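Got your viewer open and your selection syntax ready? Load the model and follow along, one selection at a time.

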Amino acid sequence: MAEAGGKSFNTVDSKDQLMLVELKDSIYGGYKQELLNDNLDPLATKFILCTGCNGLSREACSVGEDQNIMCLTCIPKDATHIPMKQARESVPNIPAKCALCTRGCIWKGDMGNLTSHLDECEFFVVNCPNSCQMILQRLELEEHLKSDCTHRDVTCEHCNGTVQFKDLTKHYKECQEFPLVCQNVCGGTFKRKELQNHINTDCPNTVISCSYKLFGCNVEMKRCELADHNSNNILVHLDCTKSYVTDNHTRVEGSLKQLQEEKVGSNQMTEVQQKIKDIEGKITDPVTIKTLTDKLNNLQTVNIVKLEKQLAELTSKKCDLSQVTSLETRLAAAEAKNKTIVTENTTLKTELAAFKKGILAKIPAPAT
Ligand SMILES: [Zn+2]
Ligand SMILES: [Zn+2]
Ligand SMILES: [Zn+2]
Ligand SMILES: [Zn+2]
Ligand SMILES: [Zn+2]
Ligand SMILES: [Zn+2]
């Protein structure tokens, strides 16, 4: 550690070049002389100041035959040099105190050890190793790293993840375990990863649609009002559900019928035509007509046979004129009755024809 005086500064690229001699456009060079005690021993000055940049030597070396002290980075190209730690033997054994004694360092030793001491001196400056760009006294570093460095690792109290302190606020905006107050002002607090689910399924203040929306109830309300809405609208819900079911049923039947029609097609038509033909056949069925005609004919025949039989009986008995007259009168009456029956028969035939015509008219004409 003593060998490389500027080891802690290897990555210094701060714009705050407070502690570095501003040399051209580089970070090369030693530390600013302001660090040193105002009344620095001239002899000490000779052994710790860089003859190149005039700053406090960084990674001090003894250069050339003249043994000039220079920062490692200030040494001219090709110049022979050895680190001060090795060159110490050539440094006169002069008592010296720390160049930072006014800051509080009580170190005392040989002049040859002074640059080595500065590598460890608690009052010397270092850069924060977390690249937060802070330059501070070595003794402040521990506390800085523990509780001040913006680049220090901290543990998220919610998810136990490791985050840099400077990113903590941003992390809180993404941390899935971070507690959030429900935006519906229901009074609940939920982890970020659970909040959406709470709002979607639990939050009493989430505005939701009526559970009968599908059936036609378009009322929207807070989830906590749903139970009241349902119990106050039983009939409304029943009614719209009924309409929905009926409409659906009709639609399904219609679709089914359409489907069947398309499927059955011409076969079904033939079937219907056959049915119509069957009905026609039954109406013009000769058996039916014959039965009716026979009944009428029987009636006539029976009457005539009966009258003829009575006439024969009378003739055989040689009945008197009055009897004959009486018989003739009865015969006339029978004949008249017979005429009536014939008329009735004709009427029945006409009615039957009309009935037949009426039925045929009701049968739809077969499709062609
Ligand atoms: Zn220098
Ligand atoms: Zn010191
Ligand atoms: Zn830091
Ligand atoms: Zn977290
Ligand atoms: Zn809520
Ligand atoms: Zn409703």
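Here is a short walk through the chain, starting with the overall picture and then going stop by stop.

**Stop 1: the whole chain.** Keep in mind that this is a predicted model. Show it as a cartoon: the protein chain has 11 helices and 13 strands. Of its 368 residues, 14% are buried. Among contacts with a separation of 6 or more, 35% join residues 24 or more positions apart.

**Stop 2: colour by confidence.** The chain has a mean pLDDT of 78, with 74% of its residues at 70 or more. Now select residues 1-27, where pLDDT stays under 50 throughout. The model does have 52 contacts beyond four places in sequence for this stretch. Low pLDDT is a reason not to read predicted coordinates in detail.

**Stop 3: the small sheet.** Select strands E1 (61-63) and E2 (68-70), then add strand E3 (81-83). Together you have an open sheet of 3 strands in the order E2-E1-E3, paired antiparallel. E2 and E3 stand at the edges with a single partner strand each, so one side of each has no neighbour in the sheet. From one strand to the next, the twist averages 30°. Zoom in on E1 and E3, whose antiparallel pairing runs over 3 bridges. Pick Cys-61 and look across to E3 for its bridge partner, Pro-83.

**Stop 4: the loop between E1 and E2.** Which residue in this loop has a positive phi without being glycine? Click Gln-67: its phi is near 55°, and it sits in the loop between E1 and E2. Gln-67 counts as partly exposed because it has 15 C-beta neighbours inside 10 Å.

**Stop 5: the nonpolar core.** Show side chains for Ile-48, Cys-50, Ile-69, Met-70, Cys-71 and Leu-114. These touch the most other members of the largest nonpolar core, which has 26 residues. Helix H1 (42-48), E1, E2 and helix H3 (114-118) each supply at least two of the core's residues. Stay on Met-70 for a moment and list its partners. Setting aside residues up to four places away in sequence, Met-70 touches Cys-50, Thr-51, Gly-52, Ser-57, Cys-61, Val-63 and Ile-75. You have already met Cys-61 in the list, as the bridge partner of Pro-83 in E3.

**Stop 6: helix H1 and what lies across from it.** Select Lys-46, which is found in H1. Is Lys-46 buried or partly exposed? It is partly exposed, because 14 other C-beta atoms lie within 10 Å. Draw a C-alpha to C-alpha distance from Lys-46 to Asn-68: they are 22 residues apart in sequence and 8.5 Å apart in space.

Next, jump to Ile-94, in the loop between helix H2 (84-87) and strand E4 (95-97). Ile-94 is partly exposed too, since it has 14 other C-beta atoms within 10 Å. Draw another C-alpha to C-alpha line, this time to Ala-44: 50 residues away in sequence, 8.8 Å away in space. Beyond its neighbours within four places in sequence, Ile-94 is in contact with Leu-43, Asp-110 and Met-111.

**Stop 7: one more positive phi.** Finish at Ser-131, in the loop between strand E6 (125-127) and strand E7 (135-137). Ser-131 is another non-glycine residue with a positive phi, near 50°. With 12 other C-beta atoms within 10 Å, Ser-131 is exposed, because the cut-off for that class is 12 or fewer.

Technical notes. Residues numbered from 1 in each chain as written. Chains lettered and ligands numbered in written order. Predicted model: local features only at pLDDT ≥ 70, side-chain atom pairs only at ≥ 80, totals over all residues. Helix = DSSP H or I, 4+ residues; strand = E, 2+ residues; numbered from the N terminus. Buried ≥ 20, exposed ≤ 12 C-beta atoms within 10 Å, placed from the backbone. Contact = placed C-beta atoms within 7 Å. pLDDT = per-residue confidence, 0-100. Core = buried A, V, L, I, M, F, W, Y, C linked by C-beta atoms within 7 Å. Pairing = 2+ DSSP bridges. Axes fitted to C-alpha atoms, helices over the stretch in contact; angles between N-to-C directions.
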